[in-house]
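Please study the sequence and the model below before attempting the exercises. Each task is followed by a worked solution.

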Amino acid sequence: SNMFKGCYEFNQPISLPVNVINMSRMFMDCHKFNQSIDIPNNTPYTGIGSPLYDYYHSSGGDCCEMFHNCYNFNSTVNIGRNISNCGGMFANCYNLNSPILINNDYYMDNCLAMFANCYSFNQPITLPHYILNADGMFANCTSLNMAVNNSSGGISAAKCNSMFVGCTNFNQSLVVTSYNYTSMFAGCTKLNSPITFRGSTYNGYAIFHNCLSFNQSVAVSLSGLDVSYIFCNCYNLNSSVSITGSVRNMNSAFANCENFNYPVSDTILSSTSIYDMTNAFRRCLSLNQPIGISFNNQTYVSAFQAFQYCTALNQPISISNVTFSNANSMFYGCSSLTSKINLNNIGGNVLQMFRGTNIVGDINISVRSTLNAAEMFSKSTNLNADVRISSLNSNSYLIFNSAFANCPNLDSNVVIDNNFQRVLLRATFSNCVNFNHPFTVPSNCTAVTSLFYNCRNMTSTVSLPEKFNNGTTGNFWRNCPVSVENGTLIFY
């Protein structure tokens with residue numbers, strides 16, 4: 001251990017003794033060292049049971065960080081049988097591109113960051129049958145594009161987190177069995193080969209994040225909860241994806257998958273336990289599939305910008321049984337969206353949820369609790385849909401301020417029932433210059449300021465609760481022809 005550590009100029013041949021056990025950091029920071037090494041078998045087999053049995057009944061050899069920071073190292077290393085710890089063994093060996101032979105066919109304890117930052121390394125590697133920790137094993141091996149597998153033709157490890165992260169040239173088929181795949185291929189910008197996952201993974205976070213070329217069918221089975229960023233920035237992805245298990249976190253899962261257009265409701269959004277959909281499909285420019293999400297009465301669900309700028313989307317939208325902590329801008333900028341909308345048993349914050357859409361199909365909303373829907377459909381140039389909003393709970397509030405503001409082509413029936421405890425309608429129809437339908441302000445409405453501001457063609461009847469017959473309506477009809485005098489404004 002540490003025998004030549006920090007000997008910056010050292011570069012002499014070395015022969016290791018047969019029974020050496022601890023070689024950790026032996027040549028660490030030997031910047032000029034460049035000699036071939038045979039690392040002996042740590043413990044000879046006892047002949048009792050299998051070789052795997054022998055491993056468990058012996059102390060495996062330690063090569064942790066053995067060549068760490070040997071910047072000029074580029075020689076063959078023959079790693080003997082029963083070496084258990086190779087963590088960081090060649091980390092930062094920037095020039096390494098010689099064969100590395102691993103003779104341990106069965107089990108290795110630690111390969112954490114074994115080849116991390118070996119920018120020149122591009123050699124095939126035969127792995128042990130099973131590795132306990134392969135996290136970051138080839139991280140930032142930017143030249144690597146060779147087969148990496150065990151004698152069975154796959155990778156089997158308890159942990160594969162960031163195993164190939166930043167391997168920008170890597171493009172090999174793999175069969176992987178593991179419990180942890182976090183960021184396994186993140187930044188593999190040329191990867192476009194089949195990847196098969198066997199068994200359930202606890203964490204699917206960012207597995208293919210920034211795999212710009214990737215376009216392969218993938219099936220992920222979760223025993224955990226997180227698939228956030230799993231395909232984020234996979235611009236070319238347009239293959240079937242199946243995610244099964246109790247998914248809770250989908251934050252940015254498919255964000256910027258500009259070519260993706262596969263069904264999502266049954267294969268991706270089938271989990272009823274989702275709590276975070278923030279940016280999940282944001283800027284999936286080609287996505288045009290029905291969106292149906294039936295939650296399990298969750299509260300505090302975030303769907304902020306979940307489908308924002310899905311500019312090809314024009315399918316029915318159905319969302320039910322949820323209270324959103326933040327569904328603001330969920331479908332903001334879905335400019336092709338004209339299909340019907342059904343929001344059933346919802347509550348929470350949905351500000352600007354459909355801003356910039358062009359819906360002409362029916363819009364039905366039933367509210368379970370307080371719903372903040374301010375600017376919900378605002379600045380939707382061609383929106384012209386019949387709208388019905390009902391309350392499922394007499395204690396619920398509806399905040400509908402500026403909900404249709406600046407929708408110049410809106411001229412349809414808008415009905416809000418009287419079962420709400422309180423309704424706010426400030427500037428709801430402001431600048432809807434073509435709106436001309438009868439409208440009844442709900443009896444429990446408490447604010448109508450600028451309700452029909454600049455609705456220049458509004459000549460239909462507006463019915464207001466009697467409590468507003470006292471000058472408290474503000475300028476709700478400014479630049480609007482309705483008035484008491486011509487009988488178009490009545491109180492009830």
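The exercises below concern cysteines, the nonpolar core and salt bridges in this predicted model.

**Exercise 1.** Determine how many disulfides the structure holds, and examine Cys-234 and Cys-445.

*Solution.* Step 1: a search of the whole structure gives zero disulfides. Step 2: for Cys-234, the nearest cysteine sulfur belongs to Cys-211 and is 5.2 Å away. A disulfide requires two cysteine sulfur atoms within 2.5 Å, so Cys-234 is in no disulfide. Step 3: the closest cysteine sulfur to that of Cys-445 is in Cys-455, at 15 Å, which is too far for a bond. Step 4: Cys-234 has 0% relative accessibility and therefore counts as buried; Cys-445, also at 0%, is buried as well.

**Exercise 2.** State which residues have the most contacts inside the largest nonpolar core.

*Solution.* Step 1: this core has 151 residues. Step 2: the residues with the most contacts inside it are Phe-90, Phe-164, Phe-185 and Phe-254. Step 3: beyond its neighbours within four places in sequence, Phe-90 is in contact with several residues, including Phe-67, Leu-96 and Met-114.

**Exercise 3.** Describe the salt bridge between Glu-258 and Arg-283.

*Solution.* Step 1: the closest N and O atoms of Glu-258 and Arg-283 are 3.1 Å apart. Step 2: both residues lie in the loop between strand E15 (241-244) and strand E16 (291-302), and the pair ties together parts that are 25 residues apart in sequence. Step 3: Glu-258, with a relative accessible area of 27%, is partly exposed; Arg-283, at 26%, is likewise partly exposed.

Notes: Residues numbered from 1 in each chain as written. Predicted model: local features only at pLDDT ≥ 70, side-chain atom pairs only at ≥ 80, totals over all residues. Heavy atoms only, no water. Buried < 20%, exposed > 50% of the residue type's maximum accessible area, 1.4 Å probe, protein only. Core = buried A, V, L, I, M, F, W, Y, C linked by side-chain atoms within 4.5 Å. Contact = heavy atoms within 4.5 Å. Salt bridge = Lys/Arg side-chain N within 4 Å of Asp/Glu carboxyl O. Helix = DSSP H or I, 4+ residues; strand = E, 2+ residues; numbered from the N terminus.
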